[in-house]
Amino acid sequence: MRRYVLRQLVQLAVVIIGISILSFSILHIIGDPVLLLLPQNAGREEFERYRKLLGLDQPLYVQYWKFFTSAVQGDFGKSWYADTPAFRLVLERMPPTIYLTFAGLGVALLIALPLGILSALKRHSLVDNLCTAVAVAGQAMPIFWLGIMLIIIFAVHLRALPASGYGTWQHFLMPSFCLGAFLAPITMRLVRSGVIEVMNMEYIKTARAKGVAEGMVVVKHAFRNACIPVITVLGLQVGQLLGGAIVTETVFAWPGVATLTVESIRNQDFPVVQCAVVLLALVIVTINLVVDLVVGVIDPRIRVGA
């Protein structure tokens, strides 16, 4: 298991470095930020002086090496607009995004687990068909459309929930439901297929033959083994949840790091964008590492293989 963990940590470092190189290169391709930072009537000498001040006159590999060596020490530079350390700006916006992501994950599990198990146990019945229809409808709905519909219904017409903002549990309901509805369909279908497959295994028949209650057979034996692919996919889906958070935060004016990143990309504020991308990638890769370890605990075969 120790060798398995070490290998995962090495992969984590390689992924983070690769993402930092990719994001750094893309940002320097999309345009010249000095054109936005200075007025259009500024002289050529002023543009050149500002590029030198920001270090944009140096070769790209030199700029990246300076960025990388500073980022390893936690210094991503200062925002070109706010004149504030980019790391501080991103950290201030990170908690709302993390809270929203895990709230959406919780909503997805609350929807997907019972429906997936029920659909598997009632295979090819009306209940199964209804659950499958709900899953297909959930996958077909764009997040922004669902968010706007929720605002129109619950904030405008019913006046039951706030349309935007952050701070109370009421502010979490609509955004977290949007993210949960985005993830629930695929999770439900995985749970359904996993439970159906496991219920046909020999040890399930043995447990039933011993007189174990059906509920215990489903929860203790079938569900635990069916959860292994579900947990793995959920770890991978966290990245998509953070991607969906960009749309969700925009619709609900949620003050998270995704909104900050979009604003910084629009302003070509390179230090903030690079810091946000690297930190989000670090969060995603760390969660995937934790998921791999959890799966290794659940399935002893993975520990033996490691």
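Which helix gives the most to the lining of the second largest pocket? In this predicted model, the answer is helix 4, with five residues, and the views below set out the two pockets one after the other.

**View 1. The largest pocket and the residues around its centre.** The largest pocket has a volume of about 370 Å³, and 18 residues line this space. Among these lining residues, those that lie nearest the centre of the pocket are Leu 54, Gln 63, Lys 66, Phe 67 and Trp 80.

**View 2. Helices and residue classes in the lining of the largest pocket.** At least two lining residues are supplied by each of helix 1 (2-29), helix 4 (60-72) and helix 12 (270-298), and the largest share, four residues, comes from helix 4. Sorted by class, the lining of the largest pocket holds eight nonpolar, seven polar and three charged residues.

**View 3. The second largest pocket and the residues around its centre.** About 270 Å³ of space lies in the second largest pocket. Its lining is made of 14 residues, of which Ile 16, Ala 71, Val 72, Phe 76 and Val 278 are the closest to the centre.

**View 4. Helices and residue classes in the lining of the second largest pocket.** Helix 1, helix 4 and helix 12 are the elements that give two or more residues to the lining of the second largest pocket, and helix 4 gives the most, with five residues. By class, the lining of the second largest pocket contains 13 nonpolar residues and one polar residue, while charged residues are absent from it.

Technical notes:
Residues are numbered from 1 along each chain as its sequence is written. This is a predicted model: local features need pLDDT of at least 70, side-chain atom pairs count only at pLDDT 80 or more; totals for chains, interfaces and linings use all residues. Side-chain values use heavy atoms; hydrogens and water are left out. On a 1 Å grid over the protein atoms alone, a cavity is a set of points where a 1.4 Å probe fits but cannot get out, and a pocket is an open set with protein on both sides within 12 Å along at least five of seven lines; lining residues have an atom within 4 Å of a point. Grid points are joined across faces, edges and corners, and a volume is the space filled by probe spheres set on the points. Ala, Val, Leu, Ile, Met, Phe, Trp, Tyr, Cys and Pro count as nonpolar, Asp, Glu, Lys and Arg as charged, and the others, Gly among them, as polar.
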